[in-house]
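Trainee: I would like a close look at one annotated part of this protein, followed by an account of its surroundings. Please keep to what the model itself can support.

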Amino acid sequence: MAGMAADTPHPLADAAPPRRPGLRERKKLKTRIAIRTATYRLIAEQGYEATTVEQIAEAAEVSPSTVFRYFPAKEDIVITDEYDSLMESALRARPADEPLVESLRVVVTQALRHSLTHEPEEMLTRSQLLTEVPAVRARMMESISVTGRMLCEVVAERTGRRADDLEVRVVSMGFVAALMETTVYWAERGRQDDLIALVDRTLDTLDHGFRL
């Protein structure tokens with residue numbers, strides 16, 4: 001999902017526990033955001049391939065080792081975000097008797113509306129890189145497993161099954177993979193479609209048991 005703006009409250013945060021992050025946690029988040037902001041600016045100016053970690057570090061006013069401490073690879077800067085924990089909390093806050101697909105629809109739609117409103121350039125750049133840079137797309141395929149594992153825990157709680165049950169894993173990983181493919185589809189078509197409407201179509205397809 002997209003990089004978090006430091007001064008813009010995320011709608012999913014309403015579902016998170018009312019705990020103020022500690023000073024160290026806030027400083028780490030500020031550094032992550034600074035690195036990501038610098039990266040997107042440099043990519044917009046000179047392209048992805050021409051942007052180096054050293055340039056990113058200089059623009060973010062940190063050392064290259066700090067960049068690598070927060071992001072193991074350059075690709076991670078543009079594909080990771082701070083939203084998984086918020087999404088997890090928001091899903092757990094949904095009514096227990098609400099169909100899983102509807103809970104996912106509400107949470108994902110809220111997150112996307114926020115990103116499209118407050119971080120449109122980052123959203124557009126990320127989607128463009130997904131279609132144009134093989135390394136970014138490959139890294140994204142690896143990273144969705146993290147979101148998928150988080151979702152497995154939530155689905156297991158909602159269904160009373162084990163998080164490592166095959167069906168739970170299929171549903172969870174199928175969902176995050178479908179969202180990524182929807183984003184790629186949106187980007188390949190010039191980002192002219194309504195992304196929220198595309199996500200609705202995706203969730204309808206999953207809800208109908210992959211019937212076309």
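Trainee: How far apart do the end C-alpha atoms of residues 52-71 lie, and what percentages of the span are helix and strand?

Mentor: The structure is a predicted model, and the values below are computed from it. The end C-alpha atoms of residues 52-71 lie 13 Å apart. The span is 75% helix and 0% strand. The choice of residues comes from UniProt, where an unreviewed entry lists 52-71 as "DNA-binding region".

The rest of the protein chain gives the setting. Its secondary structure amounts to 10 helices and 0 strands. Of the 212 residues, 43% count as buried. Among contacts in the chain with a separation of 6 or more, 72% are accounted for by residues 24 or more positions apart.

The annotated span can be followed through its helices. Helices α2 (53-60) and α3 (64-70) are among the elements that cover the buried residues of α1. In the loop between α2 and α3 lies E61. E61 is not a glycine, yet its phi is positive, at about 60 degrees. As a rule, most residues other than glycine have a negative phi. E61 counts as exposed because its relative accessible area is 73%, and the cut-off for exposed is over 50%.

Helix α1, which α2 and α3 help to cover, comprises residues 23-46. Its 24 residues reach 35 Å from the first C-alpha to the last, close to the 34 Å expected at 1.5 Å a residue. The buried residues of α1 are R32, I33, I35, R36, A38, T39, Y40, L42 and I43. Their cover also includes α4 (74-79) and α7 (120-132). Just after α1 comes G47, with a positive phi of about 95 degrees.

Y48 has a lysine over its ring: K74 lies over the face of Y48, at 4.1 Å from the ring centre. No ring pairs accompany this arrangement, as a search of the whole structure finds 0 aromatic pairs.

Helix α7 can be examined through one of its residues, L129. L129 counts as buried because its relative accessible area is 5%, and buried means under 20%. L129 and I43 are 86 residues apart in sequence, and their C-alpha atoms are 9.9 Å apart in space. Leaving aside neighbours within four places in sequence, L129 is in contact with I43, Y48, V78 and V136. I43 is thus a residue that links two parts of this account, since I43 is one of the buried residues of α1 and is in contact with L129.

Charged side chains complete the picture. Side chains of opposite charge can pair when their charged atoms come close. The count for the model comes to 14 salt bridges. In one of them, the side chains of E102 and R105 meet at 3.2 Å, N to O. Helix α6 (residues 100-118) holds both E102 and R105, which are 3 residues apart, about one turn of the helix. E102 is partly exposed, at 29% relative accessibility, whereas R105 is buried, at 13%. These two residues also belong to a network of salt bridges that links E102, R105, D200 and D204.

Two further salt bridges may be noted. D165 and R161 meet through their side chains at 3.4 Å, N to O, and R161 is partly exposed, with a relative accessible area of 40%. R189 and D193 meet at 2.7 Å, N to O. R189 counts as partly exposed at 45% relative accessibility, and D193 is partly exposed as well, at 25%.

The loop between α9 (166-188) and α10 (195-207) contains R191. R191 has a positive phi of about 55 degrees although it is not a glycine. R191 is partly exposed, with a relative accessible area of 26%, whereas E61 is exposed, at 73%.

To return to the request, residues 52-71 are 75% helix and 0% strand, with end C-alpha atoms 13 Å apart. The label "DNA-binding region" rests on the unreviewed UniProt entry.

Notes. Residues numbered from 1 in each chain as written. Predicted model: local features only at pLDDT ≥ 70, side-chain atom pairs only at ≥ 80, totals over all residues. Heavy atoms only, no water. UniProt positions renumbered as here; feature names shortened; annotations may be inferred. Helix = DSSP H or I, 4+ residues; strand = E, 2+ residues; numbered from the N terminus. Phe/Tyr/Trp six-rings, centres within 6.5 Å; stacked < 30°, edge-to-face > 60°. Lys NZ or Arg CZ within 6 Å of the ring centre and 35° of its normal. Expected span 1.5 Å × (residues − 1). Buried < 20%, exposed > 50% of the residue type's maximum accessible area, 1.4 Å probe, protein only. Contact = heavy atoms within 4.5 Å. Salt bridge = Lys/Arg side-chain N within 4 Å of Asp/Glu carboxyl O.
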